[in-house]
Amino acid sequence: MPRQNRVLPTGDILRHPARGSLMGNRGILHDTEAYDHGALTHRRWQHKAWVCCVLSFKNRRRTLMAPRRYTELFFHDEAVALAAGHRPCAECRRADHKAYLAAAGHTGSAPAFDQHLHAARAIPRKFLQNRPLMAVTDLPDATFVLDGERPLMLMADMALPFTPDGYGAPIKRPQGTLPVLTPAPSILALRGGFAPQLHLPDSLT
């Protein structure tokens, strides 16, 4: 059975067999007494430094959901990771981390930015994702919006519907105002020129 470690743009974490292209960390979220079951506790974060990492770094090896080790989370691509509230890791993705903070206009410390990002992505004390209503025409490419129950990734005049298996066939970019999944600091970084790692369908590459 797949472990409960696949993160969606909506912030939901589910069991799914598809392999992610990036890994994330929010602290220890799984049941460390029964880690073979691969299930999470009620926790959805234990710290505010939600990072997005490469899958391979300096030949390090990890046992997934090992006792007393952080829970390895996985994303289809970086647009999904940004929508879920993560930012590039300062260790394994140093250049991307610096480019992201610069594009977001941040000149202070990473912990200070994480405080700012957390305030934008989460509803306090409810463990829910913040989804402000915004005009779709004002949003940069790689931003996720929610159209009904369907997450859409914006790209030029298109939108790519997302499922746990990845992106579907493009549709026309929606108009009007919709709930936005990507938090405001990451929208600012995308608007400022940060280029996320995307795992697009072959027809769009």
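Biologist: Which residues are linked with E78 in a network of salt bridges?
Modeller: In this predicted model, R93 and D96 join E78 in that network. The search of the whole structure finds 7 salt bridges.

Biologist: What makes the contact of E91 with R60 a salt bridge?
Modeller: The closest N and O atoms of E91 and R60 are 2.8 Å apart. The cut-off is within 4 Å, so the pair qualifies.

Biologist: Why is this pair said to tie together separate parts of the sequence?
Modeller: E91 lies in the loop between β6 (87–88) and α2 (94–103), whereas R60 lies in the loop between β4 (51–53) and β5 (73–75), so the parts they tie together are 31 residues apart in sequence.

Biologist: Why is E91 called partly exposed?
Modeller: Its relative accessibility is 45%. Partly exposed covers what falls between under 20% and over 50%, so the term applies. R60, at 48%, is also partly exposed.

Biologist: How do you know that D141 and R173 meet in a salt bridge?
Modeller: Their N to O value is 3.9 Å, and the limit is within 4 Å, so the pair counts. D141 sits in the loop between β9 (133–135) and β10 (144–147) and R173 in the loop between β14 (171–172) and β15 (177–179), so this pair ties together parts 32 residues apart in sequence.

Biologist: Is R173 buried or exposed?
Modeller: R173 has a relative accessible area of 12%. Buried means under 20%, so R173 is buried. Its partner D141, at 39%, counts as partly exposed.

Note on methods: Residues are numbered from 1 along each chain as its sequence is written. This is a predicted model: local features need pLDDT of at least 70, side-chain atom pairs count only at pLDDT 80 or more; totals for chains, interfaces and linings use all residues. Side-chain values use heavy atoms; hydrogens and water are left out. A salt bridge is a side-chain nitrogen of Lys or Arg within 4 Å of a carboxyl oxygen of Asp or Glu. Helices (H or I, at least four residues) and strands (E, at least two) are DSSP runs, numbered from the N terminus. Buried means under 20% relative accessible area, exposed over 50%, partly exposed in between (1.4 Å probe, protein chains only).
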